[in-house]
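User: I would like a close look at a single part of this chain. Please keep the sentences short and connect the part to the rest of the fold.

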Amino acid sequence: MSRPCDVCQGHKVLPAPDQKSWVTCPICDGAGQASAKELYEYDVPFNLAANAANVPFSVQVTSYDFECYFWNYQSAGAFSVSISDTNRYNFMNAPVRVETTFGTAQNPFLMIKKHVFVKNSVIQGSLNELSGAANAGHLTFIGANLLR
Ligand SMILES: [Zn+2]
């Protein structure tokens, strides 16, 4: 016996962030059935001095493999970012301005391909302050814990 997906209620799709279209439910992968995934979010707070360069960040993936769907940010000013995983897979060839790859909660960046950060691995990278002033904020990595 299976039960409907807790997130899409078996409809297999969810409203897109623009509320004008639909996207495949990322929790059940469009199956409409309950899956062994639960929403989860890793938060990376940061506090950068003006023009600070190559400031490392890291967050350990605990308890479960983590399938990432979105990366979002909030900040006081401009900065650039590079991201890699424990296996040294680099998501970009050079630091990129945050607004070119991260979204916001209201308009999240939907990753073209989900990436699984395996249990006990580390989401890591570095930040470069670009506004010329002290700059605090958060990076958030949003997805699902794979409970299987
Ligand atoms: Zn679903």
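In strand E9, which residue is the bridge partner of Ser58? Take E9 as the part to examine, and work outwards from there.

Analyst: The bridge partner of Ser58 in E9 is Gln124. One caution before going on: this is a predicted model.

Start with the strand itself. E9 spans residues 122–129. One of its faces is covered and the other is uncovered. Ile123, Gly125, Leu127 and Glu129 make up the covered face. Val122, Gln124, Ser126 and Asn128 lie on the uncovered one. In a regular strand, side chains alternate between the two faces of the sheet. Gln124, the partner of Ser58, therefore belongs to the uncovered set, as the alternating list for E9 shows.

Now the neighbours. Strand E4, residues 55–60, is joined to E9 by six bridges. The two run antiparallel. Strand E6, residues 79–84, is also joined to E9 by six bridges, again antiparallel. Here Phe79 stands opposite Glu129 of E9. Glu129 is on the covered face of E9.

From Phe79 the path leads into the core. The largest nonpolar core has 18 residues. Phe79 is among the members that touch the most others, together with Cys68, Trp71, Val81, Val98, Phe117 and Phe141. E9 supplies at least two residues of this core, as do E5, E6 and strand E10 (135–146). The largest share comes from E5, with five residues.

Val81 ties this core back to E9. Setting aside neighbours within four places in sequence, Val81 is in contact with Gly125 and Leu127. Both of these residues sit on the covered face of E9. The other contacts of Val81 are Pro95, Val96 and Val98. Val98 is another of the residues that touch the most other core members.

A second, separate core holds six residues, including Cys5, Ile27, Cys28 and Ala144.

Next, the sheet that contains E5. This open sheet has four strands in the order E3-E10-E5-E8, with antiparallel pairing. Its edges are E3 (37–48) and E8 (109–117), each of which pairs on one side only. Neighbouring strands are turned by 30° against each other on average, direction ignored. E5, residues 65–75, pairs with E8 over five bridges, in the antiparallel sense. Phe66 stands opposite Phe117 in E8. Phe117 is also one of the residues named for touching the most other members of the largest core.

Finally, the whole chain. There are ten strands and zero helices. Of the 148 residues in the chain, 21% are buried. Consider contacts with a separation of 6 or more: 74% of them join residues 24 or more positions apart. The C-alpha atoms fill a box of roughly 55 × 35 × 25 Å along the principal axes.

The chain divides into domain 1 (1–35) and domain 2 (36–146). The contact between them takes four residues from domain 1 and six from domain 2. On the domain 1 side, the touching residues are three nonpolar, one polar and no charged. The C-alpha centres of the two domains lie 25 Å apart.

Note on methods. Residues are numbered from 1 along each chain as its sequence is written. This is a predicted model: local features need pLDDT of at least 70, side-chain atom pairs count only at pLDDT 80 or more; totals for chains, interfaces and linings use all residues. Domain bounds come from an automatic or database domain assignment. Two residues are in contact if their C-beta atoms, placed from the backbone, lie within 7 Å. Ala, Val, Leu, Ile, Met, Phe, Trp, Tyr, Cys and Pro count as nonpolar, Asp, Glu, Lys and Arg as charged, and the others, Gly among them, as polar. Two strands pair if DSSP finds at least two bridges between them. Axes are lines fitted to C-alpha atoms, for helices over the stretch in contact, and angles run from 0 to 180 degrees between N-to-C directions. A residue is buried if 20 or more other C-beta atoms lie within 10 Å of its own, exposed if 12 or fewer, and partly exposed in between; C-beta atoms are placed from the backbone. A nonpolar core is a set of buried Ala, Val, Leu, Ile, Met, Phe, Trp, Tyr and Cys residues joined through C-beta atoms within 7 Å.
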